[in-house]
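Here are my notes for you to read with the model open. Work through the points in order and try to find each part on screen as you go.

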Number of protein chains: 2
Amino acid sequence: MRFAEWGELAFHRWLAARFGAGFSGAGFGDDAALLKSGNTRVAVTTDAVVEGVHFRRDWFSWAEIGRRAVYGCLSDLAAVCAQPLALLLSLGVPEDLSAAAVRAFTNAVAQTAAEYGARLAGGDTTQSKGFFADLVAVGETKQPWLRSGAQIGDALVVTGALGAPTAAIALLEKGQRPAARWRALRNRLAAPRPRIIEAQALACLPVHAALDISDGLLLDASRLAAASGLRAEIRADLIPLADGVAEAARALGRPELEFAAGGGEEYELLIALAAEQVPTARQKLAVLNCPLTVVGHVVEGSGAVLLDSRGVCIRLPTTGWEHYGGRPQAG
Amino acid sequence: MRFAEWGELAFHRWLAARFGAGFSGAGFGDDAALLKSGNTRVAVTTDAVVEGVHFRRDWFSWAEIGRRAVYGCLSDLAAVCAQPLALLLSLGVPEDLSAAAVRAFTNAVAQTAAEYGARLAGGDTTQSKGFFADLVAVGETKQPWLRSGAQIGDALVVTGALGAPTAAIALLEKGQRPAARWRALRNRLAAPRPRIIEAQALACLPVHAALDISDGLLLDASRLAAASGLRAEIRADLIPLADGVAEAARALGRPELEFAAGGGEEYELLIALAAEQVPTARQKLAVLNCPLTVVGHVVEGSGAVLLDSRGVCIRLPTTGWEHYGGRPQAG
């Protein structure tokens, strides 16, 4: 059977069965591998970026591609509440790529890492048919957040506002690039800010479970729920919409929920914590100009559901994202 | 300018100038990035393996490809005297690859990591035009070995015997696969054993500098020399030849030195230490069935030279290995 037929999801299931809960970062397990060394916990995560799969050259500059790659990788450290230490970069460079492109990419990686206190500490370079970059982020954490640990009655909160990255992709796919009115959406796609500082600000609170929204709120909520052995109920009307998403959804003739609940590459945090902790958490993030919104609750059961304000279940046409074929993964 | 024209070496020089001595694992810097966290030093290294560049499917099984990838990565931990903790695996899988191949590869990676005390702790999967795997090895070390630190008068010693991997490649390229007489050479290429345990056995000795021979003894000696601000003199007649290399060189009509001094993928250690420590070091490795041979000395000056028994300089046709074009890098 071809790998593409078997599917990435099946591969992840196989990995989970084969390597157990200790395996992280492939749609199950925690966002980063957590290793004990001496008196610290080291968090390590790896994130591959492939031309044609994760980016298109006509959409982004090489500096933007480099920055986005770092953001995606650091977001996994934010998800386990780790402070970045270092970044490593493995590059696969096709023969015809310009030296200037490689320098622009690498400079952007190093600069972005430095903004978050991490240094570019090493890597590898090789020839390759298509461009790829594999980024490794290493961080340290005293008290890592896991996906498991959510408790019945916990509030599910998200940082920031959702929907912009996939709305921007949908617009770009329709060739809507230059329009000034979509610029904010595009910028959100090009530069999702990993919530490193925000996670550190919440480190003193009793967070029960967390992850970053990389494949869509609903799919990632189902992962948190599965790891915790519970059910996530998301209220569609509570999901904070990023600026421009409603307008873009109208222009595209698609429901805004598709972007806000089903859209990936958000790199916002989804956190489960006791409802009475929400005001304190909100206060701590307000100083950092980061909104925190309750989008649902943890209840007994399994899976993740999207409910309207009357508690009726809403089904999205597709939820979440898979590299091979884009089949629905949860709902 | 195309990246291929600029060259990997030029890119490494640019990286060195841009990111300084702290950048590791791209032909300069140390073999692994060394990070301080709490009371431990964490060593992290990343190694990309690309189809058509690092392996050919008709030469190796997928299990062998997986094992080799791990060996190459763990060898970088051995080079800094680190004990493996965990491995992460980023996979780029082309659509037409079989699911069985991906499972065989991943199983081999996990099993090999386990043999060296490391667990497969995470990773990433993505679609890609050609197959690639980026392996991340994380280890811990109390007293890391660096490339810098060699002293005038130090003996340069190597573990094991050299020449087999590139002799095997030369034979494979001539289609000499099945011949039983070359089987030992091929096995040495398919399964280079990283010197993890050997490095740990030497951890109590005052090793001044070390690296693993991944791009050829002479080129890697020049890297150790450059990092230490000194000169490496290698005596060609002292280099320990792996079994079958002399015979293969004769059959191929090429000088055996080309394989033993210029051939990469050895994954043996090159170590600089005080000459009076050599007997103790040799004794410690003898228990592990690992020979240790003095191949030269560290002297004042710069670069690395290959000398015959009378002290006359020998030039190799090519020394060391670059992904783009294979130009000589040292001599």
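1. Start with helix 6 of chain B, which runs over residues 183–190 in this predicted model. Its buried residues are L185(B), R186(B), R188(B) and L189(B). Look down the helix axis and you'll see that these four residues cover an arc of only 160°, so they sit on the same side of helix 6 of chain B.

2. What lies over that buried side? The cover for the buried residues of helix 6 of chain B includes helix 5 (164–173) and helix 9 (245–252), both from chain B as well.

3. Now zoom out to where the chains touch. Chain B puts 62 residues into the contact, and chain A puts in 62 residues too. On the chain B side, quite a list of elements supplies at least two residues each, among them helix 1 (3–6), helix 2 (8–19), helix 4 (99–115) and strand 5 (132–141). Which element of chain B gives the most to this side? That's strand 4 of chain B, with nine residues.

4. What is the side of chain B that touches chain A made of, by class? Count them up and you get 30 nonpolar, 21 polar and eleven charged residues.

5. Next, how do the copies relate? In general, two copies of a chain are related by a rotation about an axis and a shift along it. Here, a turn of 180° with a shift of 0.0 Å along the axis lays chain B on chain A, with an RMSD of 0.0 Å. That means you're looking at the relation of a two-fold axis. It's also worth checking which residues are used: 100% of the interface residues of chain B are interface residues in chain A too, so the copies meet through the same surface.

6. Finally, stay inside chain A. The domain assignment splits out domain 1 (31–141) and domain 2 (155–314). Their C-alpha centres are 23 Å apart. Where these domains of chain A meet, domain 1 contributes 18 residues and domain 2 contributes 17 residues.

7. Have a closer look at the domain 1 side of that contact in chain A. Helix 3 (62–79) and strand 3 (83–93) of chain A are the elements that give two or more residues to it. Helix 3 of chain A gives the most, with eleven residues. By class, this side of domain 1 of chain A has ten nonpolar, three polar and five charged residues.

Conventions:
Residues are numbered from 1 along each chain as its sequence is written. Chains are lettered from A and ligands numbered from 1 in the order in which they are written. This is a predicted model: local features need pLDDT of at least 70, side-chain atom pairs count only at pLDDT 80 or more; totals for chains, interfaces and linings use all residues. A residue is buried if 20 or more other C-beta atoms lie within 10 Å of its own, exposed if 12 or fewer, and partly exposed in between; C-beta atoms are placed from the backbone. The arc is that of the directions from the helix axis to the C-beta atoms. Two residues are in contact if their C-beta atoms, placed from the backbone, lie within 7 Å. Ala, Val, Leu, Ile, Met, Phe, Trp, Tyr, Cys and Pro count as nonpolar, Asp, Glu, Lys and Arg as charged, and the others, Gly among them, as polar. Copies are superposed by least squares on the C-alpha atoms of residues with pLDDT of at least 70 in both. Domain bounds come from an automatic or database domain assignment.
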